[in-house]
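Trainee: Got a minute to go through this one with me? I'd like to start with the charged side chains and work inwards.

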Amino acid sequence: MTEIKTNKGISYLVEASDRKTATMKLIENGVSLEGAILYGIDLSGINFEGVNLSEVDFRDCNLKGTNFSGAILKNTNFENTNLSSVNFNGANLEGANLS
């Protein structure tokens with residue numbers, strides 16, 4: 001079991017071998033990832049199209065080739081994150097930290 005926590009005090013226990021797989025399973029099942037703490041994970045190539053990812057902590061992640069088209073990324077933290085080849089087309093990046 002792998003745990004994914006949020007800054008809202010919610011924890012999800014997912015039957016998965018790692019946090020990347022757990023994150024993908026949560027998305028596939030329509031679980032809100034708003035406020036998720038995904039610090040330091042290799043999430044390269046994941047499709048987050050249209051997902052609400054407001055206030056997610058993506059610090060120090062590898063997001064190379066990730067699709068965020070149409071996603072809600074309000075106040076999301078991308079500090080020190082690999083954003084090469086990322087698709088932000090139509091995403092709401094209001095207040096996002098892209099440094």
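Trainee: Is Glu-55 buried, exposed or partly exposed?
Mentor: Glu-55 counts as partly exposed, at 32% relative accessibility. Keep in mind that this is a predicted model.

Trainee: What does the side chain of Glu-55 meet in a salt bridge?
Mentor: Lys-8, with N to O at 3.0 Å. Glu-55 sits in the segment after H1 and Lys-8 in the loop between E1 and E2, so the salt bridge ties together parts 47 residues apart in sequence.

Trainee: And Lys-8, buried or exposed?
Mentor: In between: Lys-8 is partly exposed, with a relative accessible area of 43%.

Trainee: What about the backbone, what's phi of Glu-55?
Mentor: Near 65°, so a positive value in a residue other than glycine. As background, most residues other than glycine have a negative phi.
Trainee: Then what is phi of Asp-60?
Mentor: Positive as well, near 60°. Asp-60 is in the segment after H1, and it is partly exposed with a relative accessible area of 30%.

Trainee: Back to charges. How many salt bridges does the structure hold?
Mentor: Two. Besides the Glu-55 and Lys-8 pair, there's one between Asp-57 and Arg-59, whose closest N and O atoms are 2.7 Å apart.
Trainee: Are those two partners buried or exposed?
Mentor: Asp-57 is buried, with a relative accessible area of 12%. Arg-59 counts as partly exposed, at 29%.

Trainee: Switching to the strands: in which sense do E1 and E2 pair?
Mentor: Antiparallel, over four bridges. To place one pair, Glu-3 stands opposite Leu-13 in E2.
Trainee: How many residues are between E1 and E2 in the hairpin?
Mentor: Five, and Gly-9 in that turn has a positive phi of about 85°.

Trainee: Then we get to the loop between E2 and H1. What's Ala-16 in contact with there?
Mentor: Leaving aside neighbours within four places in sequence, Ala-16 is in contact with Met-1, Thr-2, Thr-21 and Ala-22. Ala-16 counts as buried, at 13% relative accessibility.
Trainee: How far apart are Ala-16 and Met-1 in space?
Mentor: They're 5.6 Å apart, C-alpha to C-alpha, with 15 residues of separation in sequence.

Trainee: On to the helix. What happens at the start of H1?
Mentor: A side-chain oxygen of Asp-18 reaches to within 3.1 Å of the backbone nitrogen of Lys-20. After H1 comes Gly-30, with a positive phi near 70°.
Trainee: Which residues of H1 are buried?
Mentor: Ala-22, Thr-23, Leu-26 and Ile-27. They cover an arc of only 135° around the axis, so they end up on the same side of H1. The general rule helps here: an α-helix has 3.6 residues a turn, so residues three or four places apart point the same way.
Trainee: What covers them?
Mentor: The cover over the buried residues of H1 includes strand E1 (2–5) and strand E2 (11–14).

Trainee: How many residues does the largest nonpolar core have?
Mentor: It has 26 residues. Those with the most contacts inside it are Leu-38, Leu-43, Phe-48, Leu-53, Phe-58, Leu-63 and Phe-68. The largest share of this core, three residues, comes from helix H1 (residues 19–28).
Trainee: Take Phe-68, then. What does Phe-68 touch?
Mentor: Not counting residues up to four places away in sequence, the residues Phe-68 touches include Phe-48, Leu-53, Phe-58 and Leu-63. Val-86, Asn-87, Phe-88 and Ala-91 are also among them.

Trainee: Last one, Thr-76. Buried or exposed?
Mentor: Buried, since its relative accessibility is 0%. Thr-76 lies in the segment after H1.
Trainee: And what does the side chain of Thr-76 reach?
Mentor: The backbone oxygen of Leu-53, at 2.7 Å. Leaving aside neighbours within four places in sequence, Thr-76 is in contact with several residues, including Leu-53, Ser-54, Glu-55 and Phe-58. That takes us back to Glu-55, the residue in the salt bridge with Lys-8.

Methods:
Residues numbered from 1 in each chain as written. Predicted model: local features only at pLDDT ≥ 70, side-chain atom pairs only at ≥ 80, totals over all residues. Heavy atoms only, no water. Core = buried A, V, L, I, M, F, W, Y, C linked by side-chain atoms within 4.5 Å. Buried < 20%, exposed > 50% of the residue type's maximum accessible area, 1.4 Å probe, protein only. Helix = DSSP H or I, 4+ residues; strand = E, 2+ residues; numbered from the N terminus. Contact = heavy atoms within 4.5 Å. Arc of directions from axis to C-beta. Polar contact = N/O pair within 3.5 Å; in protein donor to acceptor, adjacent residues only side chain to side chain. Pairing = 2+ DSSP bridges. Salt bridge = Lys/Arg side-chain N within 4 Å of Asp/Glu carboxyl O.
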